[in-house]
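User: Please take a close look at the largest pocket of this model. What lines the largest pocket, and which residues lie nearest its centre? Add the aromatic pairs afterwards.

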Amino acid sequence: MEFFFYALPTAMACGVLLMAARVIRRSTQVSRAWNSGLTAEARCLRTYTTTSGRGGDGHVSTTLHHVYEFTTREGRPVRFEEEDGPATTVQGDVVTVRYTAERPEAATAYEPRPFAMAAGTVGTLCFFGLMLAFCVFFMVQVHDGFALDGGGFGGYDDLPYYDDMP
């Protein structure tokens, strides 16, 4: 039984760490693209939305996706997809994208806003840190509870008639 009190918070903590790594990786990619100085004109080939969540309780989130294509300075065609772009960009629009020479497929059509991105990244990582701290706190409290109780929260040892049995 103890296993579940450790397994669930551990799984949640691993998920939080994976999400934090994804946020840091994307933030780093966008920053590198902005700082590289390489730009190109890209055409929006397609826009589409995806939905997630349960429709029964009304909590559904929609994500807007854009698919862009541009040609690098070396003449290489590159196609990439980006989430949560501006809703005003539609299929056929031409936008400026920023990319790095090493990884042009990690381009971005976002306008440079380093302070806003840094603030969003730090805020998200602080939230993830709180979630991680809660998971650790919960496991420590459970561990202390099992240690003080002799191995079980409300186990057979705590039943009033257990000591009366022969």
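Analyst: In this predicted model, 23 residues line the largest pocket. Nearest its centre lie R22, R26, E83, D84 and Y110. Three elements each give two or more residues to this lining: α1 (2–36), β3 (77–83) and α2. Of these, α1 gives the most, with eight residues. The volume of the largest pocket is about 780 Å³.

Now the chemistry of the lining. By class, 10 of the lining residues are nonpolar, eight are charged and five are polar. Among the residues nearest the centre, R22, R26, E83 and D84 count as charged, because Asp, Glu and Arg belong to that class. Y110, also nearest the centre, counts as nonpolar, because Tyr is placed in that class.

Next, the aromatic pairs. Six turn up in a search of the whole structure. One of them joins F134 and F138: the ring centres are 6.3 Å apart and the planes stand at 35°, so the pair is tilted. The tilted class applies because 35° is neither under 30 degrees nor over 60. Both residues sit in helix α2 (residues 114–148). F134 and F138 are four residues apart there, so about one helical turn separates them. F138 has 30% relative accessibility and therefore counts as partly exposed. That value falls between the limits of 20% for buried and 50% for exposed.

Elsewhere among the aromatics, one cluster is formed by Y68, F70, F80 and Y99.

Conventions
Residues are numbered from 1 along each chain as its sequence is written. This is a predicted model: local features need pLDDT of at least 70, side-chain atom pairs count only at pLDDT 80 or more; totals for chains, interfaces and linings use all residues. Side-chain values use heavy atoms; hydrogens and water are left out. Rings of Phe, Tyr and Trp (its six-membered ring) pair if their centres lie within 6.5 Å; planes under 30 degrees apart count as stacked, over 60 as edge-to-face and the rest as tilted. Buried means under 20% relative accessible area, exposed over 50%, partly exposed in between (1.4 Å probe, protein chains only). On a 1 Å grid over the protein atoms alone, a cavity is a set of points where a 1.4 Å probe fits but cannot get out, and a pocket is an open set with protein on both sides within 12 Å along at least five of seven lines; lining residues have an atom within 4 Å of a point. Grid points are joined across faces, edges and corners, and a volume is the space filled by probe spheres set on the points.
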